[in-house]
Amino acid sequence: MKILMLHGGARKNGNTATAAGWMENELTSLGHEVESVSLFDKNIKGCLACAKCKDTPDEVACIQEDDATEILDKMVAAELVVFTSPLYFWGLAGPLKTFIDRTFSLYIDYHKPTHSSLVEGQRQALLVTGGGPYENNAEPVFIAFDRLQAPHKAVKAGELFLAKCTTPENLDDATKKQVLTFAREIVK
Ligand SMILES: Cc1cc2nc3c(=O)[nH]c(=O)nc-3n(C[C@H](O)[C@H](O)[C@H](O)COP(=O)(O)O)c2cc1C
């Protein structure tokens, strides 16, 4: 399977990157083709909400000249997209949220019979790490992620929240096992 991992976090050796690295190794060892992109390192401007992209529904056609179009093209080509992020103030890290806003250019006519999407049928998964417990903490992110598949016409492959993350050194074997199981489940 062609898999694109899109990372919203800044810390290259942080909790999220460590868990995402485990996932990437597992997916690669299962024979999947995995590409990773650090959104934090890219120039991704906010969506202008100009809707010019809706005039050209057969391709990614945002009028902004930055790195988002290339990444959106990679997204269109992927069978599975894995979004990863630390939890920041009950939400996704800025680079990932900003990129997801730019996926506005991937579909037209949401809520209409003519609704179509460049990523129709694509599998999408979300991995989030947070310092606090799950309850009253990460729900907003997962509610938004659940809803994202509707405009995208995508399919949710899975979601995982790693709670109580302090430092990467403290991510224990049970957590690693949970992450590897998650990696295997999202490609089933
Ligand atoms: C700006 C900021 C906001 C945060 N907000 C939350 C939060 O709302 N809930 C939570 O559980 N942890 C929060 N944390 C903790 C991080 O989500 C957590 O430590 C995460 O695992 C860090 O990931 P990283 O090591 O990949 O950067 C926050 C951390 C920062 C820096």
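## Around the ligand

Here, a residue counts as near the ligand if its C-beta atom, placed from the backbone, lies within 6 Å of it. In this predicted model, 17 residues surround the ligand. The closest are Gly14, Thr16, Pro86, Gly130 and Gly132.

What kinds of residues make up this shell? Seven are nonpolar, nine are polar and one is charged. Among the secondary-structure elements, α1 and β3 each supply at least two residues of the shell.

## The nonpolar core

Let's turn to the interior. The largest nonpolar core has 49 residues, and Met23, Val82 and Leu127 have the most contacts inside it. At least two core residues come from each of the strands β1 (2-7), β3 (80-88), β7 (123-129) and β8 (155-162). The helices α1 (15-29), α2 (68-77), α3 (94-102) and α5 (173-185) likewise each supply at least two. The most generous contributor is α1, which gives six residues to this core.

Val82 is a good place to pause. Leaving aside residues up to four places away in sequence, Val82 touches Ile3, Met5, Met23, Ala125 and Leu127.

## One face of α2

Which residues of α2 are buried? They are Ala68, Ile71, Leu72 and Met75. Viewed down the axis of α2, these buried residues fall within an arc of 100 degrees, so they line one face of the helix. An α-helix has 3.6 residues a turn, so residues three or four places apart point the same way.

And what lies over them? The cover on the buried residues of α2 includes β1, β2 (33-38), β3 and α3.

Note on methods
Residues numbered from 1 in each chain as written. Predicted model: local features only at pLDDT ≥ 70, side-chain atom pairs only at ≥ 80, totals over all residues. Core = buried A, V, L, I, M, F, W, Y, C linked by C-beta atoms within 7 Å. Buried ≥ 20, exposed ≤ 12 C-beta atoms within 10 Å, placed from the backbone. Helix = DSSP H or I, 4+ residues; strand = E, 2+ residues; numbered from the N terminus. Contact = placed C-beta atoms within 7 Å. Nonpolar A, V, L, I, M, F, W, Y, C, P; charged D, E, K, R; others polar. Arc of directions from axis to C-beta.
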